[in-house]
Amino acid sequence: RIKIVTSDDDLGVDILDEIKENIKINEEYQRVFSKVIKGHKWSGHKIIVGRTATMKDPTIEAAGVLSTGTGGRCDLLLFDDVCDFRNSIANPSLRSVVKEAVEKVWLNLLVPGGQAMWLDTPWHELDYSATIRSNPGWHSVSYPVRDPRGKSVWPAVFSDEELRRRESRAPSSFRQQMLLIPASDAGGPFHPTVIQNCRWEN
């Protein structure tokens, strides 16, 4: 039983759609997992593959982190891009809401001995992805597009020249999405201490 948690329902549907397509038509997948076949439930948010066990929980369920009506139990909890521009930067008040949902709703769905995985692109140093990376209870690994020498780790897709072009076009986005360096409030147009020290005078 797998639950996939994303930033919103639409992304969850997209991920589950790709999984369904692989089960149905990916010949390489079928050669390795020949016994995995479509079951009696095959909807946008939930699927059940052919199985002999009788249980109410779907094989895979996908939903947005702030979705309502979540329930059941899972053996694997996969968080995939839960934090995004909207809930990390555009609307900072959602950071605490995401934290509450992850800790009080989703993690409680894991059965004893279950596993949780968190996949993300860093957005802000105060979002929940940053919390995960600083928590010693989680094993954290980062794979930026450049190695310590500044060379591309994936030259077949991103040549050094292409990386320089992208970096010059959008330096801030490049640091976040390609070098995996989260943004900070201090990097905005106004340092937060300046705003905090402002006073209205008649």
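Student: How far does the backbone oxygen of W123 lie from a polar atom of the side chain of Q176?
Tutor: Bear in mind that we're looking at a predicted model. Q176 is found in helix α7, residues 171-177. Its side chain has a polar atom facing the backbone oxygen of W123, at a distance of 3.1 Å.

Student: Is Q176 buried or exposed?
Tutor: The relative accessible area of Q176 is 7%. Buried means under 20%, so that value settles the matter. Q176 is buried.

Student: Which residues is Q176 in contact with, leaving aside its neighbours within four places in sequence?
Tutor: You've already met one of them, W123, whose backbone oxygen lies 3.1 Å from the Q176 side chain. Setting those sequence neighbours aside, the contacts of Q176 are I89, T121, P122, W123, I181 and A183.

Student: Which helix supplies the largest share of the largest nonpolar core?
Tutor: That core has 17 residues, and V65, F79, W106 and W118 have the most contacts inside it. At least two of its residues come from each of β5 (74-80), α4 (94-106), β6 (110-119) and α5 (128-134). The largest share is 4 residues, and the helix behind it is α4.

Student: What does W106 touch, not counting residues up to four places away in sequence?
Tutor: W106 is among the residues with the most contacts inside that core. Two others on that list, V65 and F79, are also touched by W106. The full set is K3, V5, A63, G64, V65, T70, L77, F79 and A101.

Student: How many residues does the other core have?
Tutor: It lies apart from the 17-residue core. I4, I15, I23 and L78 are among its members. Its size is 10 residues.

Student: Which residues form a nonpolar patch on the surface?
Tutor: In general, nonpolar side chains in soluble globular proteins tend to be buried together. Here, though, there's a patch on the surface with about 300 Å² of accessible area together. One of its residues lies in the loop between α5 and α6 (160-169). The patch is V153, W154 and V157.

Student: How far apart in space are P92 and G114?
Tutor: P92 sits in the loop between α3 (85-90) and α4, and at 41% relative accessibility it counts as partly exposed. In sequence, 22 residues separate P92 from G114. C-alpha to C-alpha, the distance in space is 31 Å.

Student: How many helices and strands are there in the chain?
Tutor: Follow the sequence and you get β-α-α-β-β-β-β-α-α-β-α-α-α-α. Tally each kind, and the chain has 8 helices and 6 strands.

Notes
Residues numbered from 1 in each chain as written. Predicted model: local features only at pLDDT ≥ 70, side-chain atom pairs only at ≥ 80, totals over all residues. Heavy atoms only, no water. Core = buried A, V, L, I, M, F, W, Y, C linked by side-chain atoms within 4.5 Å. Buried < 20%, exposed > 50% of the residue type's maximum accessible area, 1.4 Å probe, protein only. Contact = heavy atoms within 4.5 Å. Patch = residues over 30% accessible without salt bridge, like charges linked within 9 Å, V, L, I, M, F, W, Y side chains within 5 Å. Areas by Shrake-Rupley, 256 points an atom, 1.4 Å probe, with all protein chains shown as cover. Salt bridge = Lys/Arg side-chain N within 4 Å of Asp/Glu carboxyl O. Polar contact = N/O pair within 3.5 Å; in protein donor to acceptor, adjacent residues only side chain to side chain.
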